[in-house]
Amino acid sequence: MTQATGSGTAAQIIDGKAISTQMKEAMKAEVVALEAKGIKPGLAVVLVGENPASVVYVRNKGKACTEVGIHSVEHKIPAETTEAQLLSLIDQLNNDPKINGILVQLPLPKHINEKRVLDAISPTKDVDGFHPFNVGKLAVGEALFPPCTPFGVIKMIEHAGVSMEGKNAVVVGRSNIVGKPVALMLLQKNATVTITHSKTKNLKEVCREADILVAAIGKANFVTADMVKPGAVVIDVGINRLDDGKLVGDVDYAPCAEVAGWITPVPGGVGPMTITMLLYNTINSAKRANGMVAETGL
Ligand code: NDP
């Protein structure tokens with residue numbers, strides 16, 4: 001872990017790229033050990049159409065699988081594919097023993113009902129953790145597949161060596177893919193959790209009480225230094241592209257790093273962790289499919 005630039009009291013940087021590399025090395029060794037038992041984890045990624053950002057995400061997921069030795073299959077199908085055809089592909093993947101994880105890259109073309117498609121993925125292969133069954137499992141503290149981005153947030157806090165137990169955690173944002181699941185995971189780790197959103201009153205004051213502050217808003221530099229408690233852990237999930245092309249998070253990084261105890265950068269923070277946790281969930285799925293115990297650590 002390195003020190004953020006600035007004054008002598010600057011925060012420790014939680015380096016998502018380094019943690020991700022470390023986790024991938026460990027997973028590589030685990031995949032080798034599984035292969036010795038005749039188990040090869042497999043991930044299927046389905047891409048409908050050619051959304052440029054999605055094409056890049058899918059390529060990166062395939063590359064990461066190769067890096068750790070996971071068998072990956074990309075199903076690139078045309079934008080005109082009907083919902084019935086897509087559902088039939090999902091059914092085929094649900095029944096393919098070589099596939100342990102199924103990921104449908106979002107967004108889908110408008111003529112396809114996203115919810116019907118995600119609900120069709122077998123909950124035992126739902127490595128994104130978006131199926132209502134897995135959302136429920138997370139809510140009751142028995143997560144099989146914790147959603148990847150929030151799961152990455154928890155792993156980063158753990159890698160920083162910070163205990164979540166008994167801490168005040170404030171999550172800004174209540175989306176189904178980040179805010180709500182990260183709040184449930186922090187609760188599972190025995191933090192005292194407050195979820196805030198666009199209708200929250202006195203947001204600044206609420207944030208200033210946070211020992212752990214997670215920003216998942218989607219607004220560039222929204223969290224300012226006066227919202228950060230001195231010494232707090234600040235996790236920035238946001239990814240925002242400015243007019244000049246620069247990528248920034250939801251946290252006004254440099255001034256907040258002067259106040260926080262730990263902080264994640266953008267890029268190089270939560271971003272790299274998302275794919276890493278997808279690999280983690282896929283390996284766990286392969287273990288379960290072969291009757292092995294697979295803990296999530298939550
Ligand atoms: P959503 O747009 O779904 O949710 C944003 C949340 O922020 C909402 O709950 C909204 O409140 C809240 N919000 C908006 N404005 C305010 C405000 N002024 N004060 C307080 N709360 C506010 O976004 P996501 O959760 O999908 O994503 C959040 C960010 O994380 C984005 O920048 C996204 O790009 C990034 N992201 C990064 C990932 C990664 O891999 N690193 C993965 C996923 C997302 P309300 O509900 O009241 O509208």
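In the predicted model, strands S8 (residues 212-215) and S9 are joined by four bridges. The two strands run parallel. Within this pairing, Val214 has Ile235 of S9 as its bridge partner. S9 also pairs with strand S12 (residues 262-263), through two bridges. That pairing is parallel as well. Here Val234 is matched with Ile263 of S12. S9 is thus bridged both to S8 and to S12.

The side chains of S9 (residues 233-236) point in two directions. Val233 and Ile235 point one way. Val234 and Asp236 point the other way. In a regular strand, side chains alternate between the two faces of the sheet. Both pairs in S9 are buried, Asp236 included. Ile235, the partner of Val214, and Val234, the partner of Ile263, therefore belong to opposite-pointing sets within a strand whose listed residues are all buried, with under 20% relative accessible area.

The ligand is surrounded by 22 residues. Arg174, Ser175, Ser198, Lys219 and Thr274 come nearest. Polar contacts to ligand oxygen atoms involve both side chains and backbone. A polar side-chain atom of Arg174 lies 2.7 Å from one ligand oxygen atom. In the side chain of Ser198, an N or O atom is 2.5 Å from an oxygen atom of the ligand. Val237 contributes through its backbone: an N or O atom there lies 3.4 Å from a ligand oxygen atom. On its own, the ligand has 930 Å² of accessible area, and the protein covers 71% of this.

The composition of the ligand shell was examined next. By class, the shell holds ten nonpolar residues, ten polar residues and two charged residues. Helix H10 (residues 270-289) supplies the largest share, with three residues.

At the level of the whole fold, the protein chain contains ten helices and twelve strands. Its radius of gyration is 19 Å, close to the 19 Å that the globule rule gives for 298 residues, so the chain is as compact as a globular protein of that length. The C-alpha trace spans about 55 × 45 × 35 Å along its principal axes. Of the 298 residues, 48% count as buried. The residues of S9 are on the buried side of this division.

Note on methods. Residues numbered from 1 in each chain as written. Predicted model: local features only at pLDDT ≥ 70, side-chain atom pairs only at ≥ 80, totals over all residues. Heavy atoms only, no water. Buried < 20%, exposed > 50% of the residue type's maximum accessible area, 1.4 Å probe, protein only. Pairing = 2+ DSSP bridges. Near = heavy atom within 4 Å. Polar contact = N/O pair within 3.5 Å; in protein donor to acceptor, adjacent residues only side chain to side chain. Areas by Shrake-Rupley, 256 points an atom, 1.4 Å probe, with all protein chains shown as cover. Nonpolar A, V, L, I, M, F, W, Y, C, P; charged D, E, K, R; others polar. Rg over C-alpha atoms; globule rule 2.2 N^0.38 Å.
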